[in-house]
Amino acid sequence: MLSDNPALLGLFTIVIGVGACLAYFFFSNVFIDKVLFPARGPNAGRNINRANMIRPWLFLFPALFALTLYLAYPVFETLRLSLTDRSQGGAFVGLANYRQMMNEAKFWEAVRNNMLWLIVVPAASTAFGLLVAQLTDRIRWGNFAKSLIFMPMAISFVGASVIFKLIYDTRAADQNQIGVLNAIWLKFDGGIGSVIFLQLLPTLLLLAFSVVVAYVAWTFVRGIVARGEDKSLWLLPLRLLVAVGGVWLIWISLNSALGVWITDVPYGEPQTWLTLPLWNNFFLMVVLIWIQTGFAMVILSAALRGIPEETVEAAIVDGANPFQIFFKIKVPQIMGTIVVVWTTITLTVLKVFDIVFAMTNGQWETQVLANYMYDKLFRANDWGVGSASAIIIMLLVTPILVWNVYNARKEMK
Amino acid sequence: MTSLSLKSVSKSYGAVEVLRDINMEINAGELIVFVGPSGCGKSTLLRMIAGLEKITGGELEIDGVVVNDVPPAQRGIAMVFQSYALYPHMTVYDNMAFALKLAGKSRDEIDRAVRAAADRLQLTAYLDRLPKALSGGQRQRVAIGRSIVRDPKVFLFDEPLSNLDAALRVATRIEIAQLKESMPESTMIYVTHDQVEAMTLATRIVVLHGGNIEQFGAPLDLYERPANTFVAQFIGSPAMNLIDAKVTATGSQTSVVMSDGGHADVPIASLDSDKGATVKLGVRPEDLTVTDSDDFLVSADVEIVEALGETTVLYFRPKDDAPALIAKLPGIHKIAKGTSIRLTAAPEKLHLFDGEGQSFLYR
Amino acid sequence: MASIAGKKSGLTWAVHISVAALVLLWLFPTVGLFVSSFRTADQISSSGWWAALFPAEQNEVYRTSDPDGTRVADGGQFTVTGNIFEGEPRDIRSWGVSSRDVSAYQPGETADMGDGESLTLQADGSYVWKGNDKQISGRGQRVFVTATVPPEFTLQNYATILFSGTGQDNMGKAFFNTLTVTIPATIIPIVIAAFAAYALAWMEFPGRALLIAAVVALLVVPLQLALIPLLRLHLAVGIGKGYMGVWLAHTAFGMPLAVYLLRNYMVGLPRDIIENAKVDGATDFQIFTRIILPLSFPALASFAIFQFLWTWNDLLVAKVFLIDATGSTTVMTNQIVELLGTRGGNWEILATAAFVSIAVPLFVFFAMQRYLVRGLLAGSVK
């Protein structure tokens, strides 16, 4: 009867659930204080000490139970499942699932797309967040502006997907376009405006991006040859990885810059944006950038506020212009926070599922790992490969996990 | 009437020993001040008496009962914290009533106790306020009131004045002195790093340093007869001058000479074996006077003159690697920088410390 | 900084304009959805939502009234008069009688349709249609008009979505289902995490540092890993798919952040206050309920908002642990995804459904933004 009315059921559960929690804590406390180790009699002192040794575990038990059963255990269980085959009754099959996965084009597509997401979304969100944080720092309506840019944080990935599907909507050429992107697109006709906005501007952006990547890659590579750098052996793979990734990115962006000029652009034809290979990935990323910029902005804004005013004033007295103040005084001081924001958004990106699921469901070469995994799990019913792809996600998260734990421990000391 | 006794109490965190072998008998009605530089363990000792830190060795007795394992609330103590530790979400009244409520006292009883304490501390008008609406001095009084309400056997104060500004600190210090006077039977232990508070409030002072008790005695005892160079330099401001000296004659009085030709006959007994030993001659800056005679203690060049009106403080250029010498002369003295001056002091104001820094008096 | 001498005002203006541009850019998508949810299906499909705010030029097709019965004979000539707009006046810009040329005539002009048949149309839609017996018979004459339509909004979509719609179109049930998931899944983890956070912050026991490190580690474990093992577990112990399962899952998945956030906050509370409470005779349980909980309100609120937004907006956990084959326990996010699949072109339904689902989080967001920001700042691992 209760289950007929979800509202009533919910209320019932709240009362029962919360009541049970509180009752557990209260009565378990009473039990050890009054029954097990009463603070009376000849052993009062010893009993109190014993009770105090047990009490932390009473307080911790439900949380630890939940954490262990729902987060720690599944990591190992998923690892085990990834080595078994469901259709063979859960027999151990070694790395067969991984091999099968590696042979699927869809998997490599998901990996490639995930890499793109991992580079573009954190970078764009952090950059926009930093920009907004800095711009709104000193203006009177800054808080109002920030709260509007922060707002997408409250919107679900699914809701955001609907919002952006409307933007990317396509109608036949002879109808009014109701998607903003196509409406704008049809304004371009190959004239001088199009050249500036669709060829010159992207080229400049891509070139600027290449320069930034080259600089970052160089700062990493320099450590191998330059003196006075940490030459620890474990840093070498990292440096090489960054260098290779940098070269790859530069290659892609220079290629794209060239492509902007030689590709025949279909002016005047409405585009189905979400089916354009490669481009559609970026259209999906825009959704997440739109959401995550607010997060980056809030944290970076607080960090900017935390910069000692004196350092900025000293720079002004030293004759720095606003851009120098921003890049040479402020950004270096909040570098730690920028890294935190970057890694946090990276985590979100690795888990991104809803956006792809709702907008393209991985079609038209937009697959990502999280959706690939869901696909394997609940459509193909292949738990082995599903688990294997989950383990891949876990592997990608692990460096951040280690880094976070390391930092947290350092901070506690 | 409550007495406390600490029997070779010690405290260590793992391998680090912060307090060792503390022995102390505190009589009922005393106001004991723990004083010492920061990190000396004085706050830890207080917190061990409160029961906030476990005692890792030895025994703590309150009224003859070992309380090592008794939780704080049942030791009959009340504590006033440096930060006052007022509950920010409770009114002044609730702050003072909290402990009594926990103890299950009746509503009338609580009300009576709270109002009596508030009345005594002129807090009646503020009973409905939250702590954030009070001034620093008022918060301090609430913290004290909260401890009075519980009618404890022992009051513990942990640097209660260090968050107040200078003027308020003096006023509150006097209030605490009056409070103590109005409750002659209650025992109080007070931790501070400020020797003025220690000297003015204490019936007896415990000087702690590096986890050891350096000296335990009445305030003026510590000033006049410091047990070692640490206490000698810690009590009194500016600190006592310590001059290297060589013992030339021993007996019921001891003669010493200094490297610059100064000499002194100190009315402190010494042993024959001390003869020829290098000792420290201690003399407080305020005991030094200027002299022209050849019968001087030290001679030195004036480096800095601080004319304060009430006193004139002279800083002398140290000879070789000896510590700087300071003299505090009453009144105004017109002395130019660089002048060479001879100083002397009454023999009974002199102190002698052996090579380990222990006073000759306590050997 | 504003007071510093010699500061250029041009730069200040550039800042104001850039911020305004960014804000508009960020707001634009949401406003599009919001506006669309108040338009009819026809309006949405005939023009972009940005046009809805202004009087729109719209191409429409009307018919004159059928001649039989309304025509007036005048010798061999027959005349039909009337207004093509029935009760909804529009302002005609141009018109035509053939689909090949819909804007052949200006208002007030007369269209010559050959053999003496003619139609005169005024700007307000009134017409005079003349011709012989044969011409003025059968069905009414088709008229193509280009007219300006005043902005028009309707609440009909909301009525459909919330109350009158059937099947998938009705979000009423999904709304309550979402609430049923969200509220217990927000409150229960707070209670459990608060106790654990207190133990980790203020109680001494061996292994404490290790546990804190473990919580930080679990903070980043992707919940994707938990799906299969836990679904198996739920099926094995008989919880199956349902509210119980989703509550448990949300409680556990929110636990690392809750414990981390609350512990960080609690550990910052003044030690003296807690020790004073001990001296006052409070037990750990009393310290927790009477001192820590009231003082930790900001952190509790922060986490509550996080968990609320997360559970309300969640799709994955609900799909895996809650929604069974019957679909009777569907939540709003899931229903919207299904609508996207089946009613992808019906933007009035989609936009309204989406807006219903994001209205509650938006309200919570604006009402409690302060706590959300504080939580974000405390929750990111430094």
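This is a short walk through a few helices, some buried residues and one chain of the structure above.

Hi everyone, thanks for coming. Please keep in mind that this is a predicted model.

Let me start where chain A meets chain C. The two elements to find are helix α15 of chain A, residues 369–379, and helix α6 of chain C, residues 224–237. Two packed helices are described by the angle between their axes and the distance between the axes. For this pair, the angle is about 15° and the axes lie 10 Å apart. Angles under 35 degrees count as roughly parallel, and α15(A) and α6(C) are therefore roughly parallel to each other. As for handedness, α15(A) and α6(C) make a right-handed crossing.

Which residues do the touching? On the α15(A) side we have A:A370, A:M373, A:L377 and A:F378, and they meet C:Q224, C:L227, C:I228 and C:L231 of α6(C). Sorted by class, that contact has seven nonpolar residues, one polar residue and no charged ones.

Let's stay on α6 of chain C for a moment, as C:H234 is found there too. Is C:H234 buried or exposed? Its relative accessible area is 1%, so C:H234 is buried. Leaving out residues up to four places away in sequence, C:H234 touches A:Y70 from chain A, along with C:I239, C:G240, C:G245, C:L248 and C:F321.

Now over to helix α16 of chain A, which covers residues 383–412. I picked two residues here, A:S387 and A:G384. A:S387 has a relative accessible area of 0%, so it is buried. Beyond its neighbours within four places in sequence, A:S387 is in contact with A:T78, A:L81 and A:S82, and also with C:I228 across in chain C. You have met C:I228 already, as one of the α6(C) residues that α15(A) meets.

A:G384 is buried as well, with a relative accessible area of 3%. Setting aside neighbours within four places, A:G384 contacts A:L81, A:S82, A:T84 and A:N97. Take a look at A:D85 too: A:G384 and A:D85 are 299 residues apart along the chain, yet their C-alpha atoms are separated by 5.5 Å.

Next, helix α12 of chain C, residues 332–342. How many of the 11 residues of α12(C) are buried? Eight are, so this helix is largely enclosed by the rest of the structure. The buried ones are C:M332, C:T333, C:N334, C:Q335, C:I336, C:V337, C:L339 and C:L340. And what covers them? The cover includes α6 (157–167) and α14 (354–359) from chain A, and from chain C itself α4 (172–202), α10 (297–313), α11 (316–321) and α13 (347–367).

Let me turn to chain B. Here we have eight helices and 20 strands. The C-alpha trace of chain B spans about 80 × 45 × 35 Å along its principal axes. Of the 363 residues in chain B, 50% are buried. Looking at contacts in chain B with a separation of 6 or more, 65% are between residues 24 or more positions apart.

Last, a word on cysteines. A search of the whole structure finds zero disulfides over all chains. Two cysteines to look at are A:C21, which counts as buried at 13% relative accessibility, and B:C40, which counts as buried at 1%.

That's my tour, and I'm happy to take questions.

Conventions:
Residues are numbered from 1 along each chain as its sequence is written. Chains are lettered from A and ligands numbered from 1 in the order in which they are written. This is a predicted model: local features need pLDDT of at least 70, side-chain atom pairs count only at pLDDT 80 or more; totals for chains, interfaces and linings use all residues. Side-chain values use heavy atoms; hydrogens and water are left out. Axes are lines fitted to C-alpha atoms, for helices over the stretch in contact, and angles run from 0 to 180 degrees between N-to-C directions. Helices (H or I, at least four residues) and strands (E, at least two) are DSSP runs, numbered from the N terminus. Angles under 35 degrees count as roughly parallel, over 145 as roughly antiparallel, 65 to 115 as roughly perpendicular and the rest as oblique. A crossing is left-handed if the near helix is turned anticlockwise from the far one by less than a right angle, and right-handed if clockwise. Contact means heavy atoms within 4.5 Å. Ala, Val, Leu, Ile, Met, Phe, Trp, Tyr, Cys and Pro count as nonpolar, Asp, Glu, Lys and Arg as charged, and the others, Gly among them, as polar. A disulfide is a pair of cysteine sulfur atoms within 2.5 Å. Buried means under 20% relative accessible area, exposed over 50%, partly exposed in between (1.4 Å probe, protein chains only).
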